[in-house]
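Hi,

Here is the structure I said I'd pass along. Have a look, and my notes follow below.

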Amino acid sequence: MKCDFTDSLLHSYFDDELSTLDALEFGRHAEQCADCGTTLVNLDLLVARCSSLNSMPPRQHRC
Amino acid sequence: MSEFDLEDRVRFEQLVLPHVDAAFNLARWLLRGRADAEDVAQEALLRACRYFPGFHGGDPRAWVLQIVRNTCYTWLEKNRLTELAVEFNEKFHQQNHATPERLAISGDDRERLTRALEALPPRFREVLILRELEGCSYKEIAAITSIPIGTVMSSLARARRQLCFFLRDPSRKEANREV
């Protein structure tokens, strides 16, 4: 089952875009919610992978 | 349009030139090719130079990237209209660009990630690039893309979810959890 907070707040929390109060509240929720906790870990892994592309140009476009 | 004087030139060098790499980076990811990106980024910077006397404050990086983005979309409309017209369609993208099988056999993780990013529609790709590679805040992304912050948030969430979808290991039926 997917947590209702996953889409609405999780990404903003991860990106440090929530207000201090909202971040505290969501942080407390995430500690208790296995769904959000797992999704945060996966998001962290995904962003870490993306950061490896910083110095890498995309492939040439092939028409 | 006012004249580009010496003072403007100094300001241009101080405010705009530090963002040339970011401008090229955004162009190459939006256009998916170095050669096209070089041409379009150069055109965008010329445009920035031309209109710089009218730039009075604000975030210069957001201003430059907005010009680059708009120049890229104009170029895409002219040269690759179908690419722009296709909204994200899981079936289409899975079949034509980055099936899990194709990603799996591509081996190298960065190559897989590159292909997965390229498989995203431009609107999703741009928010991901701006956030993950350029480190832009939601507010900056909203300014660059001219979309509301709420749309930035939802687009980023959907883009990340689709990226995970493309990166999913096909040999594992249960797959990665969505993000």
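Among the elements of chain B, which has the lowest mean pLDDT and which the highest? Helix H6 (residues 90–96) of chain B has the lowest, at 46, and helix H10 (residues 138–145) of chain B the highest, at 94. (pLDDT is the predictor's confidence in each residue, from 0 to 100; helices are DSSP runs of H or I with at least four residues, strands are E runs of at least two, both numbered from the N terminus.)

This is a predicted model, so local features need pLDDT of at least 70 and side-chain atom pairs count only at pLDDT 80 or more, while totals for chains, interfaces and linings use all residues. Residues are numbered from 1 along each chain as its sequence is written, with chains lettered from A and ligands numbered from 1 in the order in which they are written.

On confidence: chain B averages a pLDDT of 80, and 78% of its residues score at least 70. The complex gets an ipTM of 0.80 and a pTM of 0.75 from the predictor.

Chain A has three helices and zero strands.

Now for H3(B). Its 18 residues (34–51) should span 26 Å at 1.5 Å a residue (times one less than the number of residues), and the end C-alpha atoms are 25 Å apart, which agrees. Its buried residues (20 or more other C-beta atoms within 10 Å of their own, C-beta atoms being placed from the backbone) include Asp36(B), Val40(B) and Ala44(B). Seen down the axis, the buried residues fall within an arc of 155° (taken from the directions from the helix axis to the C-beta atoms), so they line one face of H3(B). Turned away from that side are Ala35(B), Leu46(B) and Arg50(B), which are exposed (12 or fewer such atoms; partly exposed is in between).

Cheers
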